[in-house]
Structure formats: structure tokens, C-alpha cells
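Good morning, colleagues. Please take a moment with the sequence and the coordinates before we begin.

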Amino acid sequence: TLTSPIITICVGPEQRLFAAHEDVLSHSPFFAAICRGQFLETATKRVNLPEELPEIFSSVLEYLYKGDYYPRLRLNKRRNTWELEESDASNGKGTAESTVFHQSSGQVLLKDTMLYCTADRYGLDDLKRLALRKQGLQSGIQCSTILASARYAYANTPDNDSKLRAHYLALIIRSRSTFKRSGTMQMEMEKGGMMFFDLFVAICNHMDDMASAKSPLFTKSPRTPH
């Protein structure tokens with residue numbers, strides 16, 4: 001409730017301050033445990049998150065209070081499709097806030113990817129689903145940003161994650177004509193990592209599916225009357 005105690009959250013290396021109601025924060029199992037445990041500075045009701053990015057945590061708070069974060073989802077009733085607000089003004093290039101500069105790595109990453117990984121740490125499954133859905137609506141993102149975000153996803157999700165990692169593998173396969181000409185893709189592949197083995201397996205599965213679809217053994221035979 002909005003009458004519960006106010007918790008101060010100190011975020012990032014610059015110690016940017018946020019305030020939130022304890023009951024709202026406690027929708028996250030991560031913060032519920034903090035509020036119950038010894039990690040909360042009881043005298044000041046203050047939580048320190050030095051590794052978190054203020055831009056990402058701000059969106060987490062917005063979601064906890066409003067059920068969405070900027071840019072919000074909206075239903076295009078004429079087309080009966082979901083889209084991101086203000087996408088009309090972006091000329092198909094995504095929104096102005098689709099990326100965030102990740103200071104630790106020195107790279108530009110997709111905001112929705114970082115939110116997905118943050119939601120995973122905080123135990124907010126609905127936010128994970130929302131972030132994944134929004135990421136699927138982005139377009140016009142540079143190859144370097146996609147690959148850097150994919151590496152971030154692999155580094156910050158468990159090995160059994162079957163959503164965000166699969167999203168990136170499918171995206172690279174769909175856009176293979178672009179990625180095979182990308183110098184960034186070549187450099188990333190030379191670095192190696194689990195992502196590229198998963199990509200190899202996904203490409204093999206994709207080719208098998210295409211071969212199966214073309215094989216006469218998999219064509220449907222006409223039904224015989226009973």
C-alpha cells in the first residue's frame with residue numbers, strides 16, 4: 001500500500017537516490033528479502049545497489065507502480081496490433097530510449113535486454129515477459145548493439161534460460177544476410193563463447209526443419225474414406 005514505510009535506494013557508483021514504498025518494492029522477492037533481513041539499514045531504511053544502472057532501476061520502479069515502463073505498449077486498434085508509443089515518430093528506428101550505455105563494458109546495450117536480466121535477478125517474471133515482448137517490437141538496431149546485448153544476455157541469464165537467449169539466436173538467423181556481412185559479427189565469432197555454439201545448433205535445427213518441410217516423406221497424404 002502507499003501508506004507503508006518509504007525505502008531509500010542508493011543506485012549506481014554515483015549513488016543516485018530513489019524512494020519507494022516498502023509494500024511496492026516487496027512485490028519483488030529480492031526486495032522482500034532485503035526488507036525483512038539484515039541488508040536494510042534499519043535506522044535510515046536505505047538499500048544500496050552500487051552495481052545497478054539508474055536508468056534500468058528507474059524503469060523497474062515505474063513498472064512496479066504502473067505495470068509498464070517507458071516507452072509503454074499501446075494497442076493500435078486500426079491494425080489490431082501492439083506497438084510502442086511514439087514509434088510513429090521514430091521512422092521504424094525504435095525509440096529514443098531503446099538503448100542504454102553500459103559503463104562497465106563501455107558498450108551500448110538494448111534497454112529491454114538489461115531489464116529482462118534485472119527482472120530475472122529480482123524475481124519479477126511478468127516484467128521479464130514484458131521486456132521480451134517489447135524487445136521483439138524494436139527495429140533498426142545496429143548489428144554491434146544486437147551482438148553486445150546478446151553477449152550481455154548470455155552473461156546475465158542462467159544456462160536454462162529459454163526465452164531471451166532463443167530470441168537472439170532467432171533474430172540472428174532471420175537477419176543472417178545482414179550479419180554475415182558484419183565485421184562485428186566476425187570479431188565476435190573469433191572471440192567465441194557458448195552463444196556461438198548455441199547459434200550453430202539453432203542453425204542446424206533451422207536447416208533440418210526446412211529440409212523436413214520440403215521432403216515428400218513429410219507431405220500429408222489424402223485421407224481415405226471410412
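I shall go through the overall architecture, then the pockets, then the cysteines and a few points of backbone geometry.

Please keep in mind throughout that this is a predicted model.

Let me begin with the chain as a whole. The protein chain contains 10 helices together with seven strands. It has 226 residues, and 42% of them are buried. As for contacts, among those with a separation of 6 or more, 60% link residues that are 24 or more positions apart. The exposed surface of the protein chain comes to about 13800 Å², and 53% of that area is supplied by carbon and sulfur atoms.

I turn now to the pockets. Rolling a probe the size of a water molecule over the atoms shows where empty space is left. How much space lies in the largest pocket? The value is about 380 Å³. This pocket is lined by 22 residues, and the closest to its centre are P13, E51, E52, L53 and P54. Three elements give two or more residues to this lining, namely α3, which spans 54-66, β6 at 99-102, and α4 at 111-122. In terms of class, the lining of the largest pocket comprises nine nonpolar, seven polar and six charged residues.

The second largest pocket holds about 260 Å³ of space. Its lining consists of 16 residues, of which I172, R176, M185, L199 and I203 are the closest to the centre. Here the elements that give two or more residues are α7 (164-174), α8 (176-179), α9 (183-191) and α10 (194-214). Which of these elements gives the most to the lining? That is α10, with seven residues. Sorted by class, the lining of the second largest pocket has 11 nonpolar residues, three polar and two charged. For those who wish to set the two linings side by side, the nonpolar counts are nine for the largest pocket and 11 for the second largest.

Next, the cysteines. The structure has zero disulfides. Are C10 and C143 buried or exposed? C10 has a relative accessibility of 3%, and because the cut-off for burial is under 20%, C10 counts as buried. C143, at 18%, falls under that same 20% cut-off and therefore also counts as buried.

Finally, the backbone. Most residues other than glycine have a negative phi, and most peptide bonds are trans. With that in mind, I would draw your attention to three places.

The first concerns a peptide bond. Y70 and P71 are joined by a cis peptide bond, with omega at about -5°. P71 sits in the loop between α3 and β4, the latter spanning 73-76.

The second is Q15, a residue other than glycine whose phi is positive, near 55°. Q15 is placed in the loop that runs between β1 (6-11) and β2 (16-21). Why is Q15 classed as exposed? Its relative accessible area is 51%, and exposed means over 50%, so Q15 meets the cut-off.

The third is N80, where phi is again positive and near 55°. N80 belongs to the loop between β4 and β5, with β5 at 81-84. The relative accessible area of N80 is 61%, which is over the 50% cut-off, and N80 is therefore exposed.

That concludes the presentation, and I welcome your questions.

Note on methods: Residues numbered from 1 in each chain as written. Predicted model: local features only at pLDDT ≥ 70, side-chain atom pairs only at ≥ 80, totals over all residues. Heavy atoms only, no water. Helix = DSSP H or I, 4+ residues; strand = E, 2+ residues; numbered from the N terminus. Buried < 20%, exposed > 50% of the residue type's maximum accessible area, 1.4 Å probe, protein only. Contact = heavy atoms within 4.5 Å. Areas by Shrake-Rupley, 256 points an atom, 1.4 Å probe, with all protein chains shown as cover. 1 Å grid on protein atoms, 1.4 Å probe; cavity = no way out; pocket = protein on both sides within 12 Å on 5 of 7 lines; lining within 4 Å. Points joined across faces, edges and corners; volume = space filled by probe spheres on them. Nonpolar A, V, L, I, M, F, W, Y, C, P; charged D, E, K, R; others polar. Disulfide = S-S within 2.5 Å.
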